[in-house]
Each structure stands twice: as C-alpha cells, then as structure tokens.
Amino acid sequence: MREQFPFFKAHPELVYLDTAATSQKPQALLDSLQNYYINENANVHRGLYKLAYDTTEAYEGVRQEVADFLGAQSADEIIFTRGTTDSLNLVASAFGPHAVPEGGRIVVSGAEHHSNFIPWQQLAKRQHAKFKVTPVHPDGVVDVPALLAAITPETNLVAIAQVTNVAGDTLPVAAIAKKAHAVGAVVVVDGAQAVAHLPVDVQTLGADFYAFSGHKIYGPTGIGVLYGRADLLAKMSPIQFGGEMISEVRDDVSTWAEGPIKYEAGTPNIAGVIGLGTALH
C-alpha cells in the first residue's frame, strides 16, 4: 500500500496517522491531475469546441459517479463544493431559512465538528430559533438516547455526523432520521469521516442532505460534495452568482439555471472534480 504513495518514498521513515484530517495522495491521483492539466485543460459548460466538450463530459461523468457512490437517485442531486465545511454552510445559508422558521428548533449533538455546529448555531440566532445541543458521554461518545429524546414535534432540523471526529463512534443515522422525519424535521449528515470507511447509501440512511470532502478519501483538497434531495434542492436559492449558474440575464432581472450548476457559480474546481473521480475508483 505504501508503494502507491510518493509521499512515503520521500519519507520512508514516517508512519502517517492523520488521515482523518487529510489523506496522503496516491500516484494514480497525481497522474490524473497532471494528465488533466497537460492534455485536457479547458473550461466546462461553456465552450463549443471539442476539448471543452470532452472536459465537460468528464466533469459531469464524475457527478454521476458520486451519485452512484452515495446511492442518490440522480446526478442532479449532487453539488460540487470546496469541501464538507462549504457544503454544510451552503445548506445552512440557502436552505436553512426554508427549514427553520422564526422561533423554530435545531438539534445537534455535542460531538459535532465546528463545521456542523457553528452554521446551525448562527442560523438559530438569525431565525431566533432554539438551538439544542445534546450531551456526550465522558469518553466523547454521543449519548444517542438523549439525542433521540431531543427530537420533539417542535424540531425543524437535525444535524449530525455519521462518524464523529471526537471519538470515532458511528451514529445510527437511519434511526435518527426516522424519528426526525416523523416530526417533519430535515436531517443533515456530515459524512466527512464516514465515506472512507463505510458504504454509504443516502436513501437507506434517510439523509436529506449529506456532505463530504475529497481530501479525506485520497482525493485533492478544495473539492467537496453536497448531496441534497431533489425536492429540497428545488426550494433552495443560490447564494453565489456568476457564470454558468444563470439561465437569462436582463438589466432588471435574472433567472437561474436548472440543476446543480445553479449552486456552482463561476469556473469550478475542474481538476479537483476529475481527481475526485479517480479517488472514487
């Protein structure tokens, strides 16, 4: 396994134990990135020449691969972002106000990473909503019964990690989602620590939104994924504006493109997406 990673050829004396923070990169990924920049570099979604067309096909092909990887119903449910943090902030900013009304209720566990804690804390402040943080045991493991008990009919949104980065415990997402859905709440799952170790099926889990980063599964930094149920994505408004996310622009009004590119303003991290596809292989 070490032979697949140039890093260990440069540092043969090291044993790397920080993959939960970021993984080292295999030669296959580095070859993929180099090949893209040398042989395939073009912008996506906007060129009418063959190189641009082929690059767009490759980019969108990875979107389908990610959809298959997560068990999504359609590639249109996959948005490319800068990472898990970016994905969760996108949900909190673009969908949060639709899910959590004034005076609503948000539930998170006390073991959440800051990226799945602070966006909801701040949303609660903006919406004047209750922000319920459920307890953890002394060893850092989430108190699941307490979390389930906190999901009441007043709850609008539940945000949890599938695998926590505090103690590494795996939460019963499907059971949590079942109770949340029974009271009409939306479930947002941080999958950053799960996707490298567990098979993920967002349908089986009952996740309404699911986020992860490429750099924790041997892919590049700066690329992430947000899965969102199609009916929920349709309610979201874009929070960034620019190239490709538009359908029509006039002096007094603009309309947005359909599908996930509505949330991918400007030139995306094309190499990162191509590299993510390689990592998934």
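In this predicted model, the chain carries 19 positive and 29 negative side chains, and the centres of these two sets lie 7 Å apart. The accessible surface of the chain comes to about 13300 Å², and carbon and sulfur atoms account for 54% of that surface.

The overall dimensions were examined next. The chain has 281 residues, for which a compact globule would be expected to show a radius of gyration near 19 Å, and the value of 20 Å computed for the chain agrees with this expectation. Along the principal axes, the C-alpha atoms fill a box of roughly 60 × 55 × 30 Å. Of the 281 residues, 48% count as buried. The secondary structure consists of 10 helices and nine strands. Among the contacts with a separation of 6 or more, 65% are between residues that stand 24 or more positions apart in the chain.

Two residues with low accessibility, Thr-55 and Ser-213, illustrate how side chains are placed within this arrangement. Thr-55 belongs to helix 3, which covers residues 50–70. Because its relative accessibility is 4%, and buried means under 20%, Thr-55 counts as buried. The side chain of Thr-55 reaches the backbone oxygen of Glu-40 at a distance of 2.8 Å, and Glu-40 also appears among the residues in contact with Thr-55 once the neighbours within four places in sequence are left aside. The other residues in that set of contacts are Tyr-36, Ala-42, Val-44 and Ile-270.

Ser-213, in turn, is located in strand 6, which runs over residues 209–213. With a relative accessible area of 4%, which lies under the 20% limit, Ser-213 is therefore buried. The side chain of Ser-213 is joined to the side chain of Thr-84 by a polar contact of 2.6 Å. When neighbours within four places in sequence are set aside, Ser-213 is in contact with Thr-84 and also with Gly-83, Ile-223 and Gly-224.

The backbone was then considered at two loop positions. His-45 has a positive phi of about 70°, although this residue is not a glycine. His-45 lies in the loop between helix 2, which covers residues 27–40, and helix 3, the helix that also holds Thr-55. Since the relative accessible area of His-45 is 26%, a value between the limits of 20% and 50%, this residue is partly exposed. A positive phi is likewise found at Glu-244, where the angle is about 75° and the residue is again not a glycine. Glu-244 is placed in the loop between helix 9, residues 230–233, and strand 8, residues 246–249. The relative accessibility of Glu-244 is 22%, so that this residue, too, counts as partly exposed.

A further loop residue, Val-253, is found between strand 8 and strand 9, the latter formed by residues 254–256. Val-253 has a relative accessible area of 44% and is therefore partly exposed, as this value does not reach the range over 50% that would make a residue exposed. The position of Val-253 can be related to that of Asn-43, for the two residues are 210 residues apart along the chain, and their C-alpha atoms are separated by 26 Å.

Methods
Residues numbered from 1 in each chain as written. Predicted model: local features only at pLDDT ≥ 70, side-chain atom pairs only at ≥ 80, totals over all residues. Heavy atoms only, no water. Helix = DSSP H or I, 4+ residues; strand = E, 2+ residues; numbered from the N terminus. Rg over C-alpha atoms; globule rule 2.2 N^0.38 Å. Buried < 20%, exposed > 50% of the residue type's maximum accessible area, 1.4 Å probe, protein only. Contact = heavy atoms within 4.5 Å. Areas by Shrake-Rupley, 256 points an atom, 1.4 Å probe, with all protein chains shown as cover. Lys, Arg positive; Asp, Glu negative; His and termini not counted. Charge placed at Lys NZ, Arg CZ, Asp CG, Glu CD. Polar contact = N/O pair within 3.5 Å; in protein donor to acceptor, adjacent residues only side chain to side chain.
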